[in-house]
Amino acid sequence: MNRELFGVFGGIDAFERFRSSDDFDEVLAGPAVTVGIRDPDLGAPGWSATYASEEGCCLIWGEAYVPGDERNAARWLLEHYETDGRDAVDTLNGSYLAVLDAGSNGDAVVATDPVRSRECFYTDDPGTRVFGTDAAAVGRTISDPTLHRDGVLEFLHLGVTLGEKTAVEELNRLPLDSLLTPASVDSLERFVYDPRPSREFDPVDELADRLERALGRRSSLPGRTGVLLSAGYDSRIILSQVGDIDRSYTVGSLDAQEVRGARALAAQYGASHTAFPPDERYLRADESKTRYSQGIKESLHIHHAGYTDEIEVETMYHGLLCDTFLRGHFTASETVDVLGKTVPTGRLESDPDPVEVLLEKFGYSREASLELAELTSLDADPESFVRDAIGDEFDRRRGRADTIQNALTCCGIANQPSMPFHTHLADHFVTSFPATDRELIDWHLRAPPEHRTTETFLRACEQLDDDILRHRPPDRPYDATLLNEVEGFVRRKTPFLSSFEPPWPDRKTLFDRHDLDRRLLSDLEHVHDLPARHKLRLTDLRGWLESWSDARAQLQPWLRPSEPIVA
């Protein structure tokens, strides 16, 4: 990867057992931790930073902001850790990992941001606790890796490996809102739901104020700036509130509704617009794309990967997870039947079934998973397996939430499938992640689920820009969800009326057009009839396991037909 953090709980000799210091731009060695960073933008305001003194050392990886005028977040954290201890981590704002060795008090930790927007992988297999941001690099320190059966099955059936598992038993990842120490993994309490009544907390006003401050904090990142722009709601507020965005980019055909809508938004706010045609590069950019899946999430979500060399900016913005944190993507809504189609009413379901809701939100396909099980030696019954796996994961998140609705969202955030989108961007650009702003996360935790809606979000956006809806999303011409769904149904069923187009290219068409069965899965002809998404998961998993020939060899028997898994 272009940017990487790698470290050990130990001295420089322990570090160099696994990596050369020459691989990194800077290596910090404290009494208990040695950590290296490679990042061409190290030291840019709001970005990765390092600091060392007689009191210890600190490294911030990613996007981070601190109170006051201090430009070096690592220096601020180390100095405040001396007086405030772990409470100092609560104040750090952004999308980051923090590595800190406060030598004077003997505390050495690696901390996630509250929502684990940047993964940290670790293993104790070498006899020393090793950690880092590249799962493959950390995994290569494991001498005899063993495939994690449940992790592999979850990935293939759901597109996401749940919890802290990976595809390898000896390799783990830090949980949501946690600290890694030399001998433990400690849970923090920065991400705990605490909803407030409207008389104490006006959701619209609070969100408008916090959005303005969050985007203002991110308005001085370096170089030429761009935004990945859809015709939807989330990225347009960035165009509206971050000044001097030079360029915008959308994946889609020039005549697609999504591209036309994005082009209109770019013109409204004075940015240039580039549309990348959805050709072969959309599905298979190059072999490096698989690495950003980290073996735990689909690389499919990295829509822009094949076009990276044509993106001419230094800083990139995106609206990822605004729908999750601010618009209730994982909450369960009541539905009604309209002309044979299930349509959400906008009201919360009073007694949702968590497993059913999460299966739908994760995009589980029962038919495709049954076919996968029949064609391979993955002999676990997919229906019972995924239900048990999701039920267990939901139960693990229940303690951070006061209600089932909030627990659903917490579970969704802890297992967000689309994170490779950000991982890839942040490896190539200084990449701002506004949805992870500490104030917006606090809003998410305080606003009751019935107020975390698109309506609330749009009302807040209109307080900042009363022209924000001049160009509506092409598939949402009305404020009311029900009306949008009805019009979509009528368009599909009425001759001579064009239907709303999906925002993303058709995967099956691209798979067939570019002969990807032969090029990616020539040795697995028996899976060629699977849906394109499941074939891409197989390709991701096999590609990522190239890091260890022994691990990939373990996978091969599982993918052959009619050979049972040995648990």
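Student: In this predicted model, is Cys 411 buried or exposed?

Tutor: The model is a predicted one, and the value that decides the matter is the relative accessible area of Cys 411, which is 1%. Since a residue counts as buried when that area is under 20%, Cys 411 is buried.

Student: How far from Cys 120 is the closest cysteine sulfur, and why does Cys 120 form no bond with it?

Tutor: Cys 120 counts as buried, with a relative accessibility of 1%. The closest cysteine sulfur belongs to Cys 58, and a disulfide would need the two sulfur atoms to lie within 2.5 Å. The separation is too far for a bond, because the sulfur of Cys 120 and that of Cys 58 are apart by 14 Å.

Student: How many disulfides are found in the whole structure?

Tutor: The search covers the whole structure, and a pair of cysteine sulfur atoms must be within 2.5 Å to count. The number of disulfides that this search finds is 0. Cys 411, accordingly, is in no disulfide, and its nearest cysteine sulfur, that of Cys 410, lies at 7.4 Å.

Student: Which residue is the bridge partner of Gly 226 in S14?

Tutor: Strand S13, residues 225-228, runs parallel to S14 and is joined to it by 3 bridges. From S13 the chain passes through helix H7, residues 236-241, before it reaches S14, in a β-α-β crossover that is right-handed. The partner of Gly 226 within S14 is Arg 247.

Student: Which residue in S15 does Tyr 249 stand opposite?

Tutor: Strand S14 covers residues 247-251, and 4 of its 5 residues are buried. S14 and strand S15, residues 272-276, run parallel and are joined by 5 bridges. The residue of S15 that stands opposite Tyr 249 is Thr 274.

Student: Through which helix does the chain cross from S14 to S15?

Tutor: The β-α-β crossover between these two strands is right-handed, and the helix on its path spans residues 257-268. That helix is H8.

Student: What radius of gyration does the protein chain have, and why does it agree with a compact globule?

Tutor: The C-alpha trace spans about 75 × 60 × 45 Å along its principal axes, and buried residues make up 58% of the chain. For 567 residues a compact globule would have a radius of gyration near 24 Å, so the chain agrees with this expectation at 23 Å.

Notes: Residues are numbered from 1 along each chain as its sequence is written. This is a predicted model: local features need pLDDT of at least 70, side-chain atom pairs count only at pLDDT 80 or more; totals for chains, interfaces and linings use all residues. Side-chain values use heavy atoms; hydrogens and water are left out. Buried means under 20% relative accessible area, exposed over 50%, partly exposed in between (1.4 Å probe, protein chains only). Helices (H or I, at least four residues) and strands (E, at least two) are DSSP runs, numbered from the N terminus. Two strands pair if DSSP finds at least two bridges between them. A crossover is right-handed if, with the strands pointing away from the viewer, the path from the first strand over the helix to the second runs clockwise. The radius of gyration is taken over C-alpha atoms; the globule rule is 2.2 Å times the number of residues to the power 0.38.
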